[in-house]
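Please look at the structure shown here and follow the strands and the charged side chains in turn.

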Amino acid sequence: MLPPYVPKGLWTIWNNSTGHNMIADSGLMELNARVRKINRTTAALSGNFVQNVDMDTNFNGLIELHHSPLGNNQFNRYPMKLGPINLCAFLDTHWSDYYKYIVIYIPNVPKQGECPMTARTYPINDWIMDAEMFPPYVPTGLWKMIWTVWDNSTGHNLIMEIIFKVYDDGYF
C-alpha cells in the first residue's frame, strides 16, 4: 500500500492540442489548477474544474494508462484501462470505487448513478492523492493517465493528461 503524498511538481495537467489551457478547447470543460506546496513533504492540487455542459448518455469516456519505469518520459502503454464506456454507465458501475477518495477534496462531484451530470464548477480543495485508490500492484516510475471524453451527438471531445510519479518508498 502506498502513502497518500504527492510531491511538488509531479502532477502535470496539460492540453494535447494547445499546451496551455490544460484541457482541449472544445468548450466542454475548463481547468484552472496548480500544484501547491502544503508543507515540506506534501503538495496538493488546488483550483477549479468547470463543466460547461450537461453530460448525459450521449457522452462516452476512456481512461488509458502509460508507464515510464525509469521516469525518463519514455512511456509504454500499460495493459490496464477503463472503457470506452458511457459516462452514465461509468457512474452506475465503477464510480463508487473512486468516489470516497475524491469527494473529500472535490465536494460536489456527482454521486453514484447521478445522470445527467449537470453543468457546474468543481472546486479542487488541496487534493492529495490517496494511494488506496490504486491497486496495490501499481509499479514505481512515472505514470501518464489520459482521460478522453467525447459527445456522440456533436463530435466535441476533450483530452486531459495527468502525469504523476510513484517512488520506491511508496510516495507519489
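Gly-61 in strand 4 faces Ile-85, a residue of strand 5. The model in which this pairing appears is a predicted one. Strand 4 covers residues 59–68, and strand 5 covers residues 76–86. The two strands run antiparallel and are joined by six bridges.

Strand 4 also pairs with strand 7, which comprises residues 141–151. Here there are 10 bridges, and the two strands again run antiparallel. Within this pairing, Leu-62 is placed opposite Thr-148 of strand 7. Strand 4 thus has pairings with strand 5 and with strand 7. How much of strand 4 is covered? Of its 10 residues, nine are buried, and the strand is accordingly described as mostly covered.

The side chains provide a further set of contacts. How many salt bridges are counted in the model? The count comes to three.

One of these salt bridges concerns strand 4 itself: the side chains of Arg-77 and Glu-64 meet at 2.7 Å, N to O. Because Arg-77 belongs to strand 5 and Glu-64 to strand 4, the pair ties together parts that lie 13 residues apart in sequence. Strands 4 and 5 are therefore linked by this side-chain pair as well as by their six bridges. Are the two partners buried or exposed? Arg-77 has a relative accessibility of 61% and counts as exposed. Glu-64, with a relative accessible area of 16%, is buried, since the limit for a buried residue is under 20%.

Another salt bridge joins the side chains of Asp-126 and Arg-36, at 2.6 Å, N to O. Asp-126 is part of strand 6 (residues 120–127) and Arg-36 is part of strand 2 (residues 29–37), so this pair connects parts that are 90 residues apart in sequence. Both partners are partly exposed: the relative accessible area of Asp-126 is 25%, and the relative accessibility of Arg-36 is 29%.

The remaining salt bridge is formed by the side chains of Glu-114 and Arg-120, which meet at 2.6 Å, N to O. Glu-114 counts as partly exposed, with a relative accessibility of 26%. Arg-120, at 16% relative accessibility, counts as buried.

Definitions and conventions
Residues numbered from 1 in each chain as written. Predicted model: local features only at pLDDT ≥ 70, side-chain atom pairs only at ≥ 80, totals over all residues. Heavy atoms only, no water. Buried < 20%, exposed > 50% of the residue type's maximum accessible area, 1.4 Å probe, protein only. Helix = DSSP H or I, 4+ residues; strand = E, 2+ residues; numbered from the N terminus. Pairing = 2+ DSSP bridges. Salt bridge = Lys/Arg side-chain N within 4 Å of Asp/Glu carboxyl O.
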